[in-house]
Structure formats: structure tokens, C-alpha cells
Amino acid sequence: MTDVHEAVKAALKAQAVETPSWAYGNSGTRFKVFTQPGVPRTPREKLDDAAKVHEFTGAAPTVALHIPWDEVDDYAALAAYAEERGVRLGTINSNTFQDDDYRLGSVCHPDAKVRRKAVDHLLACVDIMDATGSRDLKLWFADGTNYPGQDDVRERQDRLSEALREVYDRLGEGQRMLLEYKFFEPAFYTTDVPDWGTAYAHCLKLGPKARVVVDTGHHAPGTNIEFIVATLLREGKLGGFDFNSRFYADDDLMAGAADPFQLFRIMYEVVRGEGLGPEVAFMLDQCHNIEAKIPAIIRSVMNVQEATAKALLVDRQALAAAQRSGDVLGANAVLMDAYDTDVRPLLAEVREELGLAPDPVAAYHRSGWARKVTEERVGGAPAGWGA
């Protein structure tokens, strides 16, 4: 038991969860963006806040950028600034959905000039990766149609394939393309990358540098996300996660908030498929509309850690034995025993061994950071969704 305990702690100490720069800014619903005092005004101030999350969790060493929301003149200097704060720049996220030209799509648009503009943006994102040392380019396309007959569905896939190939061929050594899918919104009749199968098919055709991203909020109700995770891991095509939580659609709530049992089931398949290594990127993709941002991000990291700890505690031998013998309830009980385990003392022990406070949220509140930035970040334009 001691060996198991130590192995679980070692795995938890090695786990890293990337936080998104946009989660530190103002956000809201499609009806209104809600402002909060002290939110960052610049990419550097976003990195300051992200550094605090890592300082208190010890598990958030990288920060994802979104271009052009985090556009700067000198990305190498921004990377150096991140290093000074104790974090690194991570995934570069492209944006081909907020320009008027993209009303009918971006890389799938019927107009070749618009497609060229979109692809040029993606290539520019790879240039940014070169400057920041980032490994992953994350692509999500809002492309689709609203009405039957609006465009040729098959031809749009051809356009998508052509664009992805050009960007893929531009990737450097050690760089990857992560393709995200979403079954609806903003297009309501067809979506050009609506599911994991479509994303997988394109990535398979592209080659080993292309992998699929699973956003836990981008599925229809009742979808068995852990099956998708298991399948992509089995095929060597799971590139990473965008962790968030949802009740209805793409709600972007805190990871593990709506269904912590689902997060546990997903993480069990990650553990089972040996996906805890660096090949699978664990990222948050959330917007904190009514809650304080930094504590919500800290809590999200902690929720991922708790789900991982429980997944690591599953008695794999007992589970396999029950499965082989056809003991349905016994097998389920093995999983439930792990899920019902209170892992908070274990994680507190891990943090203390790393020289951290056992309760990261309480430590953050004691630090006075929220009061400091509220007093100092006065004037200027606060960062927000799309800003």
C-alpha cells in the first residue's frame, strides 16, 4: 500500500495543467460581458495572474495564448517575461471567427480570398510558436452553415483539408497541430468539424504531428466522452484536453463543477491508456463570468488533480479480475471505491512535500494579491473576451 501511495504522489507531482490567458480577463454570456475590478489590461498582467495560480498550486507552469487577443510586438520578450515570473508560454490558439470576413466561414469559406486570409493567420501563429518556443498550435473553427443548400458540404471538407495541409507542412521540428471539434454553435445546420471522428479523419490523413483535442464541453448531452478518450489514446491521436464543465451546451464552467464523476471517468481512461505523460496536454478552457477569476482557476486545477488522484487509486488488478469473471457489480464497485475516496488529505500531503500550502485557495486569499491588483490596475482598457 505504501508503494501505491508513493507512486500516486509521484504522478500527481508530475502533472501539469495549462491555464488560458483569456480566463483572467472579463467575460460573460452572449448577452453581456461582466466586468470585475483588477482584471489584467495586458498580456503581461495576464501572465502575472497566471504566475500566482502556479505559485499556489505548483501544477500550472504554462499559459496558453490566444491570437490576436494576446498580440504583442515582441513574442520572444513576452516569453522571457513569463520565465521571469516562473511560468512558460504554452499553446498558441488561433482566431478565425471574430472578423467580419468570416461570416460564411474561414478556411472553409466559398471565397478563396477569405480562405487565404485565414490560412495566413494560422501560418502567422506558427511564426509566433517559433518565437515563444511553444509546442502546440490549437485550431478551432467556427465554420459551418445555417441552411440546407447554403454551401456544398463535401467541398467545404476539401477546403478544410487543403488549409490544414498547408499549415501542417509549415510546422517545425517538435511542433504539433491540435484540432478541436464542436458539434454546434455558431453554425446550426452543419458544422465543418462537428465531432471527434471528423477531427480524427483529418489528423490521420495529415500525419503524426496532427492530433485531436477533446473539449469536455463540446458534446451532445449523454455523449460518453471517456469512450472517445479511450479510443483516441488507443490510436495514438489524443493531443490534449480543454477542461471545463457544462450543464447544457458549451457552458465553460469550472472543470468538474457540473459532473465531477464524469471528470473522474475521463481521467481513469487517461490513466488506463497511459496518457498522463507529456504527449497529452491538459489545458483549461474556461470563462469566469460571475465568480472571482483567479480562485476559480485555482479550484479548477485542484478539481483536475482530485479526479486524477482518484483515477490513480483504482485497483486495476481487482478491476481486471472482476471484469474477467463477469462480475458486473464487483467491477463497478472497484471504480466507485476509488471515486468515493477523499483524496484531499493526499493532495495536501503532495503540496506540503513540494513546499506549498496545503490549501491553495486559502493561501491565495492570504497573499493579498486580489487587493493589490484592484488598487494598481486602474485606468486603461481591461482585457476581455475578444479584447
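Sort the residues lining the second largest pocket by class and you get 11 nonpolar, eight polar and five charged. This is a predicted model, and that pocket has a volume of about 470 Å³. Its lining is made up of 24 residues, and Glu18, Thr62, Arg88, Arg135 and Ala281 are the ones nearest its centre. Which elements give two or more residues to this lining? They are α3 (75–84), β5 (88–93) and β12 (281–284). Strand β5 gives the largest share, with four residues.

Now for the largest pocket. Its volume is about 1400 Å³, and 47 residues line it. Look for Trp140, Lys182, Glu185, Asp250 and Trp385 if you want to find the lining residues nearest its centre. The classes here come to 16 nonpolar, 16 polar and 15 charged.

Besides pockets, there are closed spaces to look for: the structure holds three cavities of 30 Å³ or more. The largest cavity has a volume of about 60 Å³, and its lining includes Leu12, Thr57, Gly58, Gln305 and Leu354. Helices α1 (2–14) and α12 (344–353) are the elements that each give two or more residues to that lining, with α12 providing the largest share, three residues. By class, this lining has five nonpolar, four polar and two charged residues.

The second largest cavity comes in at about 50 Å³. Around it sit Thr216, Asn244, Ser245, Gly256, Asp259, Gln262, Leu263 and Ile266. Five of these lining residues are polar, two are nonpolar and one is charged.

Thr57 and Gly58, both in the lining of the largest cavity, lead us to helix α2. This helix covers residues 43–57, and at 1.5 Å a residue its 15 residues should span 21 Å; the end C-alpha atoms are indeed 21 Å apart, so the two values agree. Why can we call α2 largely enclosed by the rest of the structure? Because 13 of its 15 residues are buried, and buried here means under 20% relative accessible area. Just after α2 comes Gly58, which takes a positive phi of about 70°.

Last stop, the largest nonpolar core. It has 100 residues, and Val107, Phe141, Phe241 and Phe243 touch the most other members. Helix α9 (residues 293–312) supplies the largest share of this core, 10 residues. Take Val107 and set aside its neighbours within four places in sequence: among its contacts are Ala118, Val119, Leu122, Phe141, Leu160 and Ala163. Val107 also meets Arg115, Asp143 and Arg159.

Conventions: Residues are numbered from 1 along each chain as its sequence is written. This is a predicted model: local features need pLDDT of at least 70, side-chain atom pairs count only at pLDDT 80 or more; totals for chains, interfaces and linings use all residues. Side-chain values use heavy atoms; hydrogens and water are left out. On a 1 Å grid over the protein atoms alone, a cavity is a set of points where a 1.4 Å probe fits but cannot get out, and a pocket is an open set with protein on both sides within 12 Å along at least five of seven lines; lining residues have an atom within 4 Å of a point. Grid points are joined across faces, edges and corners, and a volume is the space filled by probe spheres set on the points. Ala, Val, Leu, Ile, Met, Phe, Trp, Tyr, Cys and Pro count as nonpolar, Asp, Glu, Lys and Arg as charged, and the others, Gly among them, as polar. The expected span of a helix is 1.5 Å times one less than its number of residues. Buried means under 20% relative accessible area, exposed over 50%, partly exposed in between (1.4 Å probe, protein chains only). A nonpolar core is a set of buried Ala, Val, Leu, Ile, Met, Phe, Trp, Tyr and Cys residues joined through side-chain atoms within 4.5 Å. Contact means heavy atoms within 4.5 Å.
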